[in-house]
Amino acid sequence: MALAQKSPTPDRYKAEPSVMTALRTPRLLTREVLAGLVVAMALIPEAISFSIIAGVDPRVGLFSSFVMAVSIAFLGGRPAMITAATGAIALVIAPVAREYGMDYFIATVILAGLLQVILGVLGVAKLMRFIPRSVMVGFVNALAILIFIAQLPHLLGVPFMVYPLVAIGIIIMVIMPRFTKIIPAPLVAIVVLTIATVTIAINVPTVGDQGELPKSLPELFIPNVPLNAETLTIIAPYALAMAMVGILESLMTAKLVDEVTDTHSHKTRETWGQGVSNMLSGFFGGMGGCAMIGQTMINVKASGARTRISTFLAGVFLLILVVALGDVVAIIPMAALVAVMIIVSVLTFDWHSIRLSTLQRMPKSETTVMVATVAVVVITHNLAIGVVVGVLVAMVAFARRVAHLVDVERSLSNDESVPTAYYTVTGALFFASSNDLTTQFEYAEDPDRIVIDMAASHIWDASTVAALDSITNKYERLGKRAVIVGMNDASTNIHARLAGNLGGGH
């Protein structure tokens, strides 16, 4: 029987389908083009809204979305992910525009981009491995809730006809994919509702009501700020916060798209790519941003896009729509875009995570982490804060769980010439589990010789070494001798290096 030849190791970051494959395949290319068009339409009111949050002209958000979408299509590590102006970034840097003016605002965006490049090169993306699945589920569910909440202002205190229009849009997007997926259902919904409102002359809020659209192309903008320590003191805290929020939200979105598409993405490349895009955005007078999970879900889940073509065209179409076709875009009813975003929120939410059967099987600590993440994000409207809190809760839950896995068993032997107490320590020893280790020994009752067997345990940190020092010192003060045996090589190394040098037990 002949041995099968070993196939070469595939490139885990190679996009499938590739850009060249999509360009040669009319069906795939059509899908990518139409997906980019849908995203561009959805980006317009979002960019205008985020500009208002940041306290800047709507053109700042729109130009930022154009520059970032086009540049990240070439620079990013996650194909089909959409990067543009976002609410999280707007909230972080809004005080700069309000208190120091536009020049300092743009300088902050550029510095934030530079910091992201530095952090990307340093490998900060590798920290993503420490974000547990329960936090990821909480992040996704919270995001779906925020997307839905963001639509409420467009559904409250509006003309009655908004509601049937939204309902019709949702029905189109639910039913149409059952018959064909060649044309994205969100695009059909937007076109149908726009034609209906214009033809029947229905008076409802439109995109044009959200803010004035630009009439010219973005121009190079060099912020007029003094290059000194005082300027750095003003903008650095906001730039660092913007950089961290942008990285965290972008990497979480990339991880979500990885799961949706069952592919890998280059997180380090995505990190510094986001930084370069933010710098370019700043130099063209944009407010900066990061990956947008709502628009990304429209692109990947609702429209089925998979390549950089859709991301690139989303930026190109955005510029064409607002500059060349601004009058047409202005008549799109907000009800159409609200319907799209409601569908996106429903598709984004992990409904399996809240099923009764899932909650019954899931450990309570995992559910607690998910709920904590959701609650903090919804309360603060800040995804980054929610993820950080979720990770902290997960760490505490893990430490509590592992702390109870350490076991100490005692036995006495009178067979030897010297009566001996044997202690067998089992489990992982670190700060949470080793704190109670000193209470597991019978110091006064034990004979003069004590053997502590560590063969079934592992020392992870200095806290454990300090606890062992304390135990042996207590026996010494009672005139007894305790010896530690059976440590593995890693435990022996850390114990030999730190034992007697931590000041504990004296």
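Start with Ser 64: beyond its neighbours within four places in sequence, Ser 64 is in contact with Ala 85, Ser 281, Gly 286, Met 287 and Gly 288, where contact means heavy atoms within 4.5 Å. This is a predicted model, in which local features need pLDDT of at least 70 and side-chain atom pairs count only at pLDDT 80 or more, while totals for chains, interfaces and linings use all residues. Residues are numbered from 1 along each chain as its sequence is written, and side-chain values use heavy atoms, with hydrogens and water left out.

Ser 64 sits in helix H3 (residues 58-75); helices here are DSSP runs of H or I with at least four residues, numbered from the N terminus. Is Ser 64 buried or exposed? Ser 64 is buried, because its relative accessible area is 0%; buried means under 20%, exposed over 50%, and partly exposed in between, using a 1.4 Å probe and protein chains only. From Ser 64 to Met 161 it's 97 residues in sequence and 33 Å in space, C-alpha to C-alpha.

Now for some residues on the outside. Val 121 lies in helix H5 (residues 102-121), and it counts as exposed because its relative accessible area is 64%. Ala 201 is in the loop between H8 and helix H9 (229-261), and has a positive phi of about 60° although it is not a glycine. With 63% relative accessibility, Ala 201 is exposed too. Asp 262, in the loop between H9 and helix H10 (267-283), also isn't a glycine, yet has a positive phi of about 55°. Asp 262 is exposed, at 72% relative accessible area.

On to the inside. The largest nonpolar core has 119 residues, and Ile 44 and Phe 105 have the most contacts inside it. Such a core is a set of buried Ala, Val, Leu, Ile, Met, Phe, Trp, Tyr and Cys residues joined through side-chain atoms within 4.5 Å. H2 gives this core its largest share, 14 residues. Setting aside neighbours within four places in sequence, Phe 105 is in contact with residues including Ala 54, Val 60, Ile 93 and Met 287. Another core, of 21 residues, lies apart from the largest nonpolar core, with Leu 429 and Tyr 475 among them.

What about open spaces? A pocket is an open set of points on a 1 Å grid over the protein atoms alone where a 1.4 Å probe fits, with protein on both sides within 12 Å along at least five of seven lines; lining residues have an atom within 4 Å of a point. Points are joined across faces, edges and corners, and a volume is the space filled by probe spheres set on them.

| Pocket | Volume | Top contributor to lining |
|---|---|---|
| Largest | about 770 Å³ | H2, seven residues |
| Second largest | about 470 Å³ | H14, five residues |

The largest pocket is lined by 32 residues, with Glu 46, Phe 50, Gly 87, Leu 146 and Ala 150 nearest its centre.

Finally, how far can you trust the picture? The mean pLDDT of the chain is 88, and 96% of its residues reach 70 or more; pLDDT is the predictor's confidence in each residue, from 0 to 100. Over residues 1-10, pLDDT stays under 50, and the model has zero contacts for them beyond four places in sequence. Where pLDDT is low, the predicted coordinates should not be read in detail.

Terms used:
Helices (H or I, at least four residues) and strands (E, at least two) are DSSP runs, numbered from the N terminus.
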